[in-house]
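Work through the following exercises with the coordinates at hand, and compare each solution with your own reading of the model.

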Amino acid sequence: MSEMPDAWPVLPVILVSGIHQHPISGQRWDNMVSALESEHYNRICEINIFRITESRWERFVAAMQKSFPELTSLDVGAEFWDMDWVPVLPDSFLGRSAPRLRTLRLASIPFPSMPKLLLSANGLVILTLWEIPDSGYISPDAMATALSVMTTLESLDVQFRSPRSRPDPANRPLPPPTRFVLPALTHLIFQGVYE
């Protein structure tokens with residue numbers, strides 16, 4: 001993979017694994033992650049990798065610690081059939097910056113520092129967080145702060161895996177709601193505890 005792009009004109013790179021396929025074969029996985037690790041990573045504009053297994057997670061996360069300057073779409077999903085394993089994206093994911101990102105979809109992956117990344121992704125159009133495990137709880141205040149600057153957001157889909165994905169209200173009184181306008185929002189799905 002590291003030699004092939006030198007023969008081509010500078011073209012964008014798209015990495016796609018397919019959502020409904022069985023876990024990616026070993027060679028195909030190595031090729032995809034090699035592209036993320038290569039010197040040509042800055043040409044990657046779309047990443048679509050689903051059903052990442054526990055054994056492959058560490059290498060994937062290590063490859064994603066830098067900023068991808070051309071990245072406009074990121075769809076990532078973990079192999080969530082194994083409920084004993086919960087992958088986590090670190091604070092340094094995407095180099096803490098995603099200025100050109102327009103689509104972000106995460107499935108079964110907690111990302112506690114997501115609100116920080118979202119503040120740098122102010123051109124985001126689609127934000128989808130599916131099957132958020134209990135460990136992926138994001139406070140409403142942090143999410144509201146991140147969403148309040150997203151004037152181009154058209155689609156917001158947030159779905160928790162279980163209704164326990166929130167702190168016990170007896171431990172913390174709820175503050176008055178923060179109100180803001182999402183002028184471009186036309187699609188909203190929320191699955192979780194409404195409070």
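**Exercise 1.** State what area the protein exposes and what share of it carbon and sulfur atoms supply.

*Solution.* The exposed area is about 10,500 Å², of which carbon and sulfur atoms supply 56%, with areas taken from the Shrake-Rupley method with a 1.4 Å probe, where for residues only the protein chains shown count as cover. The model is predicted, so that local features need pLDDT of at least 70 and side-chain atom pairs count only at pLDDT 80 or more, while totals for chains, interfaces and linings use all residues. Residues are numbered from 1 along each chain as its sequence is written, and side-chain values use heavy atoms, with hydrogens and water left out. Of the 195 residues, 42% count as buried, a class that means under 20% relative accessible area, whereas exposed means over 50% and partly exposed lies in between.

**Exercise 2.** Determine the order of helices and strands along the sequence.

*Solution.* Begin with the inventory, which is four helices and seven strands; helices (H or I, at least four residues) and strands (E, at least two) are DSSP runs, numbered from the N terminus. Reading along the sequence then gives β-α-β-α-β-β-α-β-α-β-β.

**Exercise 3.** Classify Ser34 and Ser73 as buried, partly exposed or exposed, and describe the surroundings of each.

*Solution.* Ser34 belongs to helix α1, residues 26-37, and counts as partly exposed because its relative accessibility is 27%. Its side chain reaches the backbone oxygen of Asp30 at 2.7 Å. Across the sequence, Ser34 and Ala63 are 29 residues apart, yet their C-alpha atoms are 8.6 Å apart in space.

Ser73 lies in strand β3, residues 73-78, and its relative accessibility of 13% is why Ser73 counts as buried. Leaving aside residues up to four places away in sequence, Ser73 touches Cys45, Glu46, Ile47, Leu101 and Thr103, where a contact means heavy atoms within 4.5 Å.

**Exercise 4.** Describe the lining of the largest cavity by element and by residue class.

*Solution.* The largest cavity holds about 60 Å³ of space; a cavity is a set of points on a 1 Å grid over the protein atoms alone where a 1.4 Å probe fits but cannot get out, and lining residues have an atom within 4 Å of a point. Strand β5 (residues 126-132) gives the most to this lining, with three residues. By class, the lining has nine nonpolar residues, two polar and no charged, and among its members are Phe111, Met114, Trp130 and Gly136, with Gly counted as polar.

Definitions and conventions: Buried means under 20% relative accessible area, exposed over 50%, partly exposed in between (1.4 Å probe, protein chains only). A polar contact is a pair of N or O atoms within 3.5 Å; within protein, one must be able to donate a hydrogen and the other to accept it, and residues adjacent in sequence count only if both atoms are side-chain atoms. On a 1 Å grid over the protein atoms alone, a cavity is a set of points where a 1.4 Å probe fits but cannot get out, and a pocket is an open set with protein on both sides within 12 Å along at least five of seven lines; lining residues have an atom within 4 Å of a point. Grid points are joined across faces, edges and corners, and a volume is the space filled by probe spheres set on the points.
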